[in-house]
Amino acid sequence: MNNSLAEENYLKALFHLRGKSGEVNVNDLSKNLNIKMPTVTSMMKKLAEKKLVYYEKYKPLRLTEKGKKEAGLIIRKHRLTEMFLVTKMQFGWEEVHDIAEQIEHIQSPIFFEKMDELLGHPTIDPHGSPIPDSIGNIATKSYPKLSNCKVGGKVKLAALLNTNSEFLKFLNSRELKLGLKITIKSIEPFDGSMEVSYGKRDSEVLSKIVCERLLVDGAPTA
Ligand SMILES: [Zn+2]
């Protein structure tokens, strides 16, 4: 450990940006962090010296096993914090990200061990994203999108693809929360919007943009 706050943010960005191949384009990293290329490059050299990143000039970046675990540990602190804020401090799920961005950099393992204990060792955060374990391993579960489900399908809202606060506020306004059972009543062929029912709502129309961001469990996929 003992990485600076900036280094931790690079590791986290590399973790989130890597595709199935595990590779990240230096340009994409620069854009994502809004940091100029020369600065990004010199940081990559530093992280390569610490054996956290594979770095070669003109080639995509990759996290080493060690880098992946350290990124996993930062994400663990972030997601445990979000869970703590929602379940123990009654924050809304749309309010917790910015606070967690700060708390995730606290360098005190025992602080987060106690938090984990108080929460009863949760495996997912308030948005349904997996919480990495205490050595930084993350279990990835791939849920289908609601937009891929068929008419008549009964599914459970399991996680979200996008967790920005505007989207979360929208979900609040429609009383959509994790664990809710959703039935697909019809699909508009023109724009892919879905008529669904859930909770006390017998007929709610969700746009395709929304349905593509909702990840569901137990879905008969199209
Ligand atoms: Zn967050």
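**Entry 1: the sheet**

I begin with a term: two strands pair if DSSP finds at least two bridges between them. The model I examined is a predicted one. With that term in hand, I looked up how its strands are arranged, and I found that 5 strands form an open sheet. Their order is β7-β6-β5-β4-β8, and the pairing is antiparallel.

Which strands stand at the edges of this sheet? I noted β7 (201-206) and β8 (214-217) there, each with a single partner strand, so one side of each has no neighbour in the sheet. I also recorded the turn between neighbouring strands of the sheet, which is 45° on average when direction is ignored.

I then took up one pair of strands. Strand β4 covers residues 154-160 and is joined to β8 by 4 bridges. The two strands run antiparallel. Within this part of the sheet, I saw that leucine 160 stands opposite leucine 214 in β8.

**Entry 2: the protein as a whole**

I next recorded the totals. The secondary structure of the protein comes to 8 helices and 8 strands. Its C-alpha trace spans about 55 × 40 × 25 Å along the principal axes. The protein has 222 residues, and 28% of them count as buried.

I also looked up contacts with a separation of 6 or more. Of these, 60% are accounted for by residues 24 or more positions apart.

**Entry 3: alanine 6**

I chose one residue of a helix for closer study. Alanine 6 is found in helix α1, which covers residues 5-17. Is alanine 6 buried or exposed? I counted 13 other C-beta atoms within 10 Å of alanine 6. A residue is buried at 20 or more such atoms and exposed at 12 or fewer, so alanine 6 is partly exposed.

I also compared its position with that of lysine 145, which is 139 residues apart from alanine 6 along the chain. The C-alpha atoms of alanine 6 and lysine 145 are separated by 34 Å.

**Entry 4: two packed helices**

Two packed helices are described by the angle between their axes and the distance between the axes. I looked up both values for α1 and helix α2 (residues 26-33): the angle is about 120°, and the axes are 10 Å apart. The two helices are therefore oblique to each other. I noted that their crossing is right-handed.

Which residues make the contact? From α1, I listed Asn9, Ala13, Leu14 and Leu17. From α2, I listed Asp28, Leu29, Asn32 and Leu33. I recorded that the residues of this contact divide into 5 nonpolar, 2 polar and 1 charged.

Terms used
Residues numbered from 1 in each chain as written. Predicted model: local features only at pLDDT ≥ 70, side-chain atom pairs only at ≥ 80, totals over all residues. Contact = placed C-beta atoms within 7 Å. Axes fitted to C-alpha atoms, helices over the stretch in contact; angles between N-to-C directions. Parallel < 35°, antiparallel > 145°, perpendicular 65-115°, else oblique. Left-handed = near helix turned anticlockwise from the far one by under 90°. Nonpolar A, V, L, I, M, F, W, Y, C, P; charged D, E, K, R; others polar.
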